[in-house]
Amino acid sequence: MIYYFLPTAGIAGGVKVGFQFMEALISLGAPGVVAIPGGEAPQWFACSVPVVDRGEALERITPQDWAFMTWPPDLAPLEATGARLACHVQGVTNMEKIFAHPEVHLLTCWESADRLARQEYGRQTVMVGICVSAAFFAQGEVKLDNEAAYMPRRGLGIATKAAHALDMLNWWPMDGLDEPKVCRRLQRAGVYLATSVGEDFGLPSLEAMAAGCLVASVPVKGGMEYLRDGYNCLVDEPERLIQRLGEMMHPSQAGRRELMRLRARATAFDYHPYALKRRLAHLLEGPLKGLKD
Amino acid sequence: MSPKLLTVIIPSLGMLPMLEQCLDALGRSLEAAGVREQSTVAVVDNASHPPLPPKRIAAAGAELLRLDGHHCFARANNLAARRWPAKHYLMQNNDVLVQPETIGEMLGLLGRMPQVGICGARMVFPDGSLQHAGVVFGPGKKGPYHLLRTKPSHLMPRIDREFQAVTGGCMLIRGELWQELGGLDEDYPFGLEDIDFCLRARQSGQRIFCCQGSESLHFEAMTPGRAKLDSPSRALFMSRWQGRYTIDG
């Protein structure tokens, strides 16, 4: 059985990605639970994965079980359980000990993490990928071309500059919202501005693409494989990005904006939950076969 | 003697005419599944007044466990499971009329899918609207509820699918899982002990499906005094589980 350890059930992309991964594995016949302190289950997005108390999980886990981690500090306590170890690699920060640990199987979400583990640490990895909740995919909702959403948690200064420079747009912050509210906001917004420079973890931009937004993103580490500048989004350094977004919002560019949104949606479909399930189903017949034990 | 394949447990507080209809339908479903001889049908008389007549229960092909004092629903089931151990237990309400195909489908699903520990059944009200096709969990105080309840059944999807819980009105459970979890939790007065059991089962790595191939008839909540016990059961359930299940409804 798989025990996927998380430090919290709070609003963080990594929590959702962990649950989505487990939901797919469980539905494919790999038994598992998520272990969180206090047995607290996330209430801010839809899923059906069972949750157990972290302390209870640490007591009952056996050497035949799998201990999954994604948060680097979990390595030491999980190593002590004697269980088979795997890391669901969502980012690359503070992962040195995990990448260097020969007994930790590495299941990577992004190409950047996969490349780092292979090239810098000589590790074998299994690229499991990620998915976007099905709820984000736009289904013909009314979109407002002049409404721009952003997440102020990281890169607020960039968003503020953009709001001053592009005052023809209505700017909507998204912070501390549950998934249904984020979905509604993104499905209504014409533009999503991603402001977290060097972000390890690029899920929000992908969610915005699924919702049919024109995504303007600063350069990130996680997720660059789906951000194709000038094709399905804009990617640039902050100052230049704001300028290019302004040019793109000119009325004469309406056609280009719409084309970019369509391409963004098409890209996001590669990350639909069904796509993740298909990939994992294939992996469970090969390198991940042991997860069904 | 090795345990039988199946013990069907039907607690009943009075309601003999309904119970006899229930046993009749059950017998046909067991015959259709080809497991009649490998099954025990156990009626738990939960302190009915007057007591359920043993001859009529026997005539319907069932064993009778008479409880002189009234016990909670969970204890009634647990006592019968202890008396007639089996490889599978089918918890069934006395106001459920199963279809001939139902038991065969449920046993078949558990046979095909070894990781599934519990299988529920699609059920309809007498007017053809859905009574049960799986249980989902809403946010906040909404808690567990029956998905698509009262929707016209003939228009609703019929694919067997996975849930966090199914109703104990007609619920097939592997015997090993029942033993591992110690049966139903007897702290519940009446109601939601089935959902509690399902959540505990999933925490131990078991999967739960609802069979949608046939639709049995469920009159629902026919037992006298049921309504006044619902509320404390719900309060207990929410105090234990709110915030500890994920939201899928």
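**Contacts, crossings and chain shape**

Modeller: In this predicted model, the contact takes 18 residues from chain A and 13 residues from chain B. On the chain A side, β2 (32-36) and β3 (51-53) each give two or more residues.

Biologist: What makes two residues count as being in contact?

Modeller: Their C-beta atoms, placed from the backbone, must lie within 7 Å. The 18 residues of chain A and 13 residues of chain B are those in the contact by that rule.

Biologist: Into which classes do the residues on the side of chain A that touches chain B divide?

Modeller: Eleven are nonpolar, six polar and one charged.

Biologist: Turning to helix packing, what is used to describe two packed helices?

Modeller: The angle between their axes and the distance between the axes. For α1 (residues 13-27) and α11 (residues 273-284) of chain A, the axes come within 10 Å and cross at roughly 55°.

Biologist: Why is α1(A) called oblique to α11(A)?

Modeller: Roughly parallel needs an angle under 35 degrees, and roughly perpendicular needs 65 to 115. The crossing is at roughly 55°, and since that value falls in neither range, nor over 145, α1(A) is oblique to α11(A). The crossing is also right-handed.

Biologist: Which residues meet there?

Modeller: Gln20(A), Ala24(A), Leu25(A) and Ser27(A) come from α1(A), while Pro273(A), Leu276(A), Lys277(A) and Leu280(A) come from α11(A). By class, that contact has five nonpolar, two polar and one charged residues.

Biologist: What makes Lys277(A) the charged one?

Modeller: Lys counts as charged, along with Asp, Glu and Arg. Lys277(A) is among the residues of α11(A) that meet α1(A), and the contact has one charged residue.

Biologist: At what angle do α6 (residues 156-165) and α9 (residues 238-248) of chain A cross?

Modeller: Roughly 35°, with the axes coming within 10 Å. This crossing is right-handed. Ile158(A), Lys161(A), Ala162(A) and Ala165(A) of α6(A) make the contact with Pro238(A), Ile242(A), Leu245(A) and Gly246(A) of α9(A). These divide into six nonpolar, one polar and one charged.

Biologist: Why is Gly246(A) placed in the polar class?

Modeller: Gly is put with the polar residues by the class rule, so Gly246(A) is the polar one here.

Biologist: Into which domains is chain A divided?

Modeller: Domain 1 covers 2-131 + 273-292, and domain 2 covers 134-269. Their C-alpha centres lie 28 Å apart.

Biologist: How many residues of domain 1 of chain A are in contact with domain 2 of chain A?

Modeller: 16 residues of domain 1 are in contact with 14 residues of domain 2. On the domain 1 side, α1 and α5 (111-121) each supply at least two residues. The largest share of that side, three residues, comes from α1(A). By class, the side has nine nonpolar, six polar and one charged residues.

Biologist: How many helices and strands does chain B have?

Modeller: Seven helices and twelve strands.

Biologist: How do you know whether chain B is as compact as a globular protein of its length?

Modeller: For 249 residues the globule rule gives 18 Å; the radius of gyration of chain B is 17 Å, close to that, so chain B is as compact as a globular protein of that length. Along its principal axes, the C-alpha trace of chain B spans about 50 × 40 × 35 Å.

Biologist: What kind of peptide bond joins His49(B) and Pro50(B)?

Modeller: A cis one, with omega about 0°. Pro50(B) sits in the loop between β2 (39-46) and α2 (54-59) of chain B.

How values were computed:
Residues are numbered from 1 along each chain as its sequence is written. Chains are lettered from A and ligands numbered from 1 in the order in which they are written. This is a predicted model: local features need pLDDT of at least 70, side-chain atom pairs count only at pLDDT 80 or more; totals for chains, interfaces and linings use all residues. Axes are lines fitted to C-alpha atoms, for helices over the stretch in contact, and angles run from 0 to 180 degrees between N-to-C directions. Helices (H or I, at least four residues) and strands (E, at least two) are DSSP runs, numbered from the N terminus. A crossing is left-handed if the near helix is turned anticlockwise from the far one by less than a right angle, and right-handed if clockwise. Domain bounds come from an automatic or database domain assignment. The radius of gyration is taken over C-alpha atoms; the globule rule is 2.2 Å times the number of residues to the power 0.38.
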